Amino acid sequence: MAANDLTKRPALGQRSASLRRRHLLAALFKACCVGLTAAAVAVLGLLIYQVAADGLPWLDMQFLTNFPSRFAEKAGVKSALFGTLWIVTLTALISLPVGVLAAIYLEDYAPPSRLTRVIEINIANLAGVPSIVYGILGLAIFVRFMGLERSVLAGALTMSLLILPVIIISAKEAIRAVPASIRLAAFAVGATHWQVVRAHVLPAALPGILTGVILALSRAIGETAPLIMIGALTYVAFVPAGPMDEFTALPIQIFNWVSRPQQEFHELAAAGIIVLLVVLLSMNALAVLIRYQGTRK
Amino acid sequence: MKNTDLPLLEARGVTISYSGNAAVKDVSLAIYEKKITAIIGPSGCGKSTLLRSLNRMNDFIDNVTQEGQILYRNSDLYGADVDPVEVRLRIGMVFQRPNPFPKSIFRNVAWGPTINRLPGDINVRVERALKQAALWNEVKDRLDDSALNLSGGQQQRLCIARALAMEPEVILMDEPCSALDPVSTARIEDLMYELKQNYTIVIVTHNMQQASRVSDYTAFLESGRLIEYGDTDEVFTRPKQKRTEDYVTGRFG
Ligand SMILES: Nc1ncnc2c1ncn2[C@@H]1O[C@H](COP(=O)(O)OP(=O)(O)OP(=O)(O)O)[C@@H](O)[C@H]1O
Ligand SMILES: [Mg+2]
């Protein structure tokens with residue numbers, strides 16, 4: 001009982017040694033977190049500063065509306081920018097429905113069998129396969145076997161393969177995070193399985209699903225290796241008019257410029273990186289907007 | 001028990017196990033039409049498990065196995081030709097913890113009737129259900145607000161309204177008043193009295209006064225076994241079992 005004897009406790013203003021130690025530990029931990037975050041932000045800031053210093057002078061309307069050229073003054077990213085937009089849009093159109101439906105199936109409908117587990121484990125493994133391997137697969141299946149040549153469609157299909165595992169995994173997580181009590185409530189008012197999924201599970205999981213999709217697409221935008229593999233590393237001086245046209249993409253154009261010896265082209269590459277960053281940030285902004293709209297309802 | 005009517009719902013030798021551990025053991029009991037049946041018993045004795053088996057909500061728990069029979073109007077509730085959706089349309093449920101949809105108050109009540117195309121004006125139906133659940137006055141000006149902004153007790157009444165809007169034959173209520181103040185509790189009890197005209201109610205409660213006040217029959221469960229089942233008056237005033245007496249008079253444990 002002695003420990004509980006209130007009269008023997010120090011006055012409220014005096015902290016005990018153990019409490020002081022615990023506060024010290026908390027402060028130390030907080031300092032670590034702040035320090036590491038600051039370091040990461042500083043590196044990012046330095047990178048952006050370097051790119052901006054090199055690239056900004058080259059960044060004007062002409063840069064966006066001109067096609068690539070042998071002369072640095074006349075070179076632009078028009079075909080690469082449009083190629084990237086084409087690839088991203090098509091990839092989203094292909095991978096979003098396939099990925100989300102696969103996730104719904106695996107989470108909600110698949111029987112809890114060994115086969116289901118094997119599939120799930122393998123999807124997780126696929127997320128770790130190097131992107132060049134998807135490029136080889138795309139080259140073999142889409143470019144050669146299906147005869148799509150070096151088209152936007154072949155590129156988008158390859159990119160879809162690449163990001164599907166990530167989309168499926170994040171969509172599965174989002175679906176699993178929907179509280180079971182909501183599903184049960186819906187079943188209890190006489191809903192069918194599909195009505196529960198359609199009206200409650202999907203809307204509740206949508207913000208999480210979209211975040212995963214946008215993150216995956218952002219990865220696809222920056223990918224160079226699989227596109228090079230399927231043969232997109234060519235001089236393209238036109239904007240694709242349809243999914244069967246040839247294309248180039250921003251990372252490929254940047255890679256192209258960086259690999260030239262002249263300093264001007266290196267600065268052009270920096271300008272290209274800025275364009276790529278702007279596309280990326282706009283997509284993330286779009287994701288935030290969609291999520292905000294989704295949660296407001 | 002002297003009731004000679006045909007039971008509406010009847011459990012016969014029902015044993016329900018989670019991964020092999022029996023939570024309900026060999027329970028047989030009959031639930032009569034337009035009566036209120038209370039299920040009482042200590043925490044963890046299997047009340048919710050038994051209740052869920054009455055409208056096939058245990059179907060959604062992966063590791064559940066069930067033996068014995070549950071009859072509804074003398075036909076097997078778990079028969080191969082029975083659609084569980086149809087079962088839940090006739091036997092509604094209010095859960096132990098309030099679980100509103102993360103949608104508007106109106107949508108919470110209107111969704112079930114809408115997807116099932118129940119007849120009549122949906123606005124009238126929603127208003128009636130909310131009035132019955134003693135919630136209408138508090139929410140009538142903000143039907144489009146999110147249900148998640150309601151207080152715990154209001155959410156619970158919303159869940160009651162959601163079940164009532166379906167106009168089922170049987171309403172299973174798992175501690176519907178656990179988050180309610182005495183005034184709301186009294187109103188829900190009044191509601192149960194009123195509903196008895198048309199509905200059959202099974203209620204799980206930890207509140208002995210509530211069980212003795214509102215119910216016609218009382219079942220006492222202890223560690224999964226049905227210890228006593230009979231007229232509420234008898235169970236509370238002349239229990240046959242010593243354990244029942246100890247429990248209802250608060251002398252157990
Ligand atoms: N989903 C589940 N998985 C495994 N065991 C469960 C599950 N649900 C309940 N149980 C177990 O079954 C037994 C009965 O649980 P049940 O929820 O039916 O009790 P209860 O009488 O409703 O209790 P309370 O009054 O606390 O709500 C408990 O021992 C519980 O741990
Ligand atoms: Mg319970």
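Reader: Is A:Ser79 buried or exposed?

Author: A:Ser79 is buried, having a relative accessible area of 1%, where buried means under 20% relative accessible area, exposed means over 50%, and partly exposed lies in between, all with a 1.4 Å probe and protein chains only. Before going further, note that this is a predicted model in which local features need pLDDT of at least 70 and side-chain atom pairs count only at pLDDT 80 or more, while totals for chains, interfaces and linings use all residues. Residues are numbered from 1 along each chain as its sequence is written, chains are lettered from A and ligands numbered from 1 in the order in which they are written, and side-chain values use heavy atoms, with hydrogens and water left out.

Reader: Where is A:Ser79 placed, and which residues is A:Ser79 in contact with?

Author: A:Ser79 belongs to helix H3 (residues 78-109) of chain A; helices (H or I, at least four residues) and strands (E, at least two) are DSSP runs numbered from the N terminus. Contact means heavy atoms within 4.5 Å, and once neighbours within four places in sequence are left aside, A:Ser79 is in contact with A:Phe67, A:Pro68, A:Val236, A:Phe238 and A:Thr248. Helix H3 of chain A also holds A:Ser95, which counts as buried at 0% relative accessibility. Not counting residues up to four places away in sequence, A:Ser95 touches A:Val100, A:Ser160, A:Ile163, A:Leu164 and A:Ile167.

Reader: How many residues surround ligand 1, and how is the shell divided by class?

Author: A residue is near a molecule if one of its heavy atoms lies within 4 Å of it, and 13 residues surround ligand 1, the closest being B:Ser43, B:Lys47, B:Ser48, B:Thr49 and B:His206. By class, the shell has four nonpolar, seven polar and two charged residues, where Ala, Val, Leu, Ile, Met, Phe, Trp, Tyr, Cys and Pro count as nonpolar, Asp, Glu, Lys and Arg as charged, and the others, Gly among them, as polar. Helix H1 (residues 47-53) of chain B supplies the largest share of this shell, three residues.

Reader: Which oxygen and nitrogen atoms of the protein should I look at around ligand 1?

Author: The useful idea is the polar contact, a pair of N or O atoms within 3.5 Å; within protein, one must be able to donate a hydrogen and the other to accept it, and residues adjacent in sequence count only if both atoms are side-chain atoms. A backbone N or O atom of B:Gly44 lies 2.8 Å from an oxygen atom of ligand 1, a backbone N or O atom of B:Cys45 lies 3.2 Å from an oxygen atom of ligand 1, and a polar side-chain atom of B:His206 lies 2.7 Å from an oxygen atom of ligand 1. Taken alone, ligand 1 exposes 640 Å², of which the protein buries 63%, the accessible areas coming from the Shrake-Rupley method with a 1.4 Å probe and, for residues, with only the protein chains shown counting as cover.

Reader: What are the protein donors of the magnesium ion?

Author: Donors are N, O and S atoms within 2.8 Å of the metal (3.2 Å for Na, K and Ca), and water is not among the atoms, so sites may look incomplete. For the magnesium ion, ligand 2, the protein donors are B:Ser48 (OG) and B:Gln96 (OE1), lying 1.9 to 2.3 Å from it. The pair links distant parts of the chain, 48 residues apart, with B:Ser48 in helix H1 of chain B and B:Gln96 in the loop between strand S6 (91-94) and helix H3 (105-115) of chain B. B:Ser48 counts as buried at 17% relative accessibility, whereas B:Gln96 is partly exposed, with a relative accessible area of 33%.

Reader: What does B:Arg88 touch?

Author: B:Arg88, in helix H2 (residues 84-90) of chain B, counts as buried at 4% relative accessibility. Not counting residues up to four places away in sequence, B:Arg88 touches residues of both chains, including A:Phe187, A:Ala188, A:Gly190, B:Asn55 and B:Arg56. A polar atom of the B:Arg88 side chain lies 3.0 Å from the backbone oxygen of B:Arg56.

Reader: What is phi of B:Arg56?

Author: B:Arg56 has a positive phi of about 60° although it is not a glycine. B:Arg56 lies in the loop between H1 and strand S4 (64-72) of chain B and counts as buried at 11% relative accessibility.
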